[in-house]
Amino acid sequence: MNQNYNSPSPRRVNERLRRRRRRTAAIVIFLLAAVLVALLAVYVGLLIRNRPDNPNGDSQTTPAPTVTEGAPADTTAPDDTTAAPETTAAPETTAAPVITYTTINMTRDAITQGDLVLVNASFPYTFPANEKHLTTIYGNKSRGYQIGSAQDKLDTDALAAWNKAADAFLAETGDGSLLLTNNGGYRSREAQETLYQKRVASVGEAEAAKYVALPGNSEHHTGLAFDLAVYRDGKTYTLGSDELYNWIPQNLPRYGFVLRYPADKVNITGISYEEWHFRYVGIPHAVYMTENNLCLEEYLNTLRAYQADGQHLSVTSDGVEYEIWYVPVAEGDVTPIAVPNGVTYSISGNNMDGFVVTLSRPAADAQQ
Ligand SMILES: [Zn+2]
C-alpha cells in the first residue's frame, strides 16, 4: 500500500479540505471582528467629539453624555463639562399653571381712597366717614426718629413703612436726630384751616398758597404724607443742613415714599419745592416714579397706558416683582376688577377717574 503514502486517500483529501475551509472561516470571522472593533472605535470617537464641552458651539443642543457618569474618577470629564448638561438637559416639568381669577367689585366712591390718591388744588380729598386707617405715632414709633407732637397720627401702613425706613437710617448712619414735625402728619380739615389762616396772616395769601394747600386740598389729610426736619441739641434744622440727610430722598423710595414736591415739578404740582414733605405711595410706585423722575400727577397719567387687557407695568425692588395696571371707573355703581388667585394684591383709587391694581410676587418665583 505504498501508493497510500504518496497519493492521499479520498478520506484524507476530504479532511484537508475541511481543515482549509475551517481556516478560511476563522480568517473571515477574524476580519469581521476586526471591522466591528474598528467601527466601534470610530463610534466612540464620534461620541467623545460631540460631548458638550466641545467648543464648537453646538453644546446647547447635544444631549447629556450619560457614559461619563459611571466612569471611574480619574477618567471623568472636568467639573465644568459635567455642569453644562444639567442646565440644558433639565426638562420642562412644570406645565403652565391654570390661572383662576376672583372678581373684586369696587364701589364708585372707593376711587377717593388708597395709597395712590392724588390730592392737589384740582382734586380735593374726600374724608372717609370712619378714619380707622389712622394710628397715633406716639407709642407706635420706632427708635429711628423723634416726634414734635404726641397727638400726631399717620396712616397705619405709611407709619409701619416709615418706622422701618427711619430705623434703617439710624442703623446706617448712627444719627437719631430726624424729627417728624409738630402737625407734620395727618391733618383734619380744621387743622389745615388754622394753619392756612396763620400763614396768610404772616406772609399774605399769595405767598401762603405756594406752600400751604387750601383746607380740603392738602395731602396731609390722607395721613399718607409727613414733614421731616432735624432736631439736635435743642435746635431745629432743615434736612438740607447736612449732606448726611441726602440718605432720606435717596433711600425712601425703597420703603414706598417719594419726595412729593421736587424743584423741577413746581409747574405740575403747583407747590414750591419742599425738601421736607414725603408721601407714601407704596414701594413699586415710589421706585418707578423716582427712577423715571415722575411726580404723582405724571405717574398716574403714565399708568393709563397700562390697562387690564394690555401690557402691565413691571417693577422689581428688593427681590419682589410687582405688576401694575390701571382700571377706569365703570359707568355703573360698581367697577369689577379681576385679580389672579394666590397672588398678593392691592387696589387703590386715584381720586380722579379710576383704580390702580398692584400685584406682588417674590422675584424668584416669577423667574421660574
Ligand atoms: Zn407737608
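**Note on the pockets, the zinc site and the nonpolar cores**

1. In this predicted model, helix α5 supplies the largest share of the lining of the largest pocket, namely 7 residues. That helix spans residues 189-203, and it is one of four elements that each give at least two residues to the lining, the others being α6 (205-211), β6 (225-232) and β7 (235-237).

2. The volume of the largest pocket comes to about 800 Å³, and its lining is made up of 41 residues, with Arg-187, Leu-195, Tyr-211, Val-212 and Asp-227 lying nearest the centre. By character, the residues of this lining divide into 17 nonpolar, 15 polar and 9 charged.

3. Asp-227, named above among the residues nearest the centre of the largest pocket, is also a ligand of the zinc ion, which is coordinated by His-220 through NE2, by Asp-227 through OD and by His-277 through ND1, at 2.0 to 2.1 Å. Along the sequence these donor residues follow the spacing H-x6-D-x49-H. Because Asp-227 belongs to strand β6 and His-277 to strand β9 (residues 277-280), the pair ties together parts that are 50 residues apart in sequence.

4. Are these two donors, Asp-227 and His-277, buried or exposed? Asp-227 has a relative accessible area of 7% and is therefore buried, since the cut-off for that term is under 20%. His-277, at 2% relative accessibility, counts as buried as well.

5. The second largest pocket holds about 460 Å³ of space, and 22 residues line it, of which Ile-99, Pro-340, Val-343, Leu-359 and Arg-361 lie nearest its centre. Strands β11 (320-328), β12 (334-340) and β14 (354-362) are the elements that give two or more residues to this lining. The residues of the lining divide into 14 nonpolar, 5 polar and 3 charged.

6. Nonpolar side chains tend to be buried together in soluble globular proteins. Here the largest nonpolar core has 33 residues, and those with the most contacts inside it are Tyr-299, Leu-303, Leu-313, Ile-337 and Val-357. Two or more residues each come from β1 (101-107), α9 (283-291), α10 (296-302), β10 (313-317), β11, β12 and β14, with β11 giving the largest share, 5 residues.

7. Which residues does Ile-337 touch, when those up to four places away in sequence are not counted? The partners are Thr-102, Thr-103, Ile-104, Met-106, Val-327, Ile-347, Phe-355 and Val-357. Apart from the largest core lies another one, of 29 residues, among them Ile-137, Ala-166, Ala-168 and Ile-248.

Note on methods:
Residues are numbered from 1 along each chain as its sequence is written. This is a predicted model: local features need pLDDT of at least 70, side-chain atom pairs count only at pLDDT 80 or more; totals for chains, interfaces and linings use all residues. Side-chain values use heavy atoms; hydrogens and water are left out. On a 1 Å grid over the protein atoms alone, a cavity is a set of points where a 1.4 Å probe fits but cannot get out, and a pocket is an open set with protein on both sides within 12 Å along at least five of seven lines; lining residues have an atom within 4 Å of a point. Grid points are joined across faces, edges and corners, and a volume is the space filled by probe spheres set on the points. Ala, Val, Leu, Ile, Met, Phe, Trp, Tyr, Cys and Pro count as nonpolar, Asp, Glu, Lys and Arg as charged, and the others, Gly among them, as polar. Donors are N, O and S atoms within 2.8 Å of the metal (3.2 Å for Na, K and Ca); water is not among the atoms, so sites may look incomplete. Buried means under 20% relative accessible area, exposed over 50%, partly exposed in between (1.4 Å probe, protein chains only). A nonpolar core is a set of buried Ala, Val, Leu, Ile, Met, Phe, Trp, Tyr and Cys residues joined through side-chain atoms within 4.5 Å. Contact means heavy atoms within 4.5 Å.
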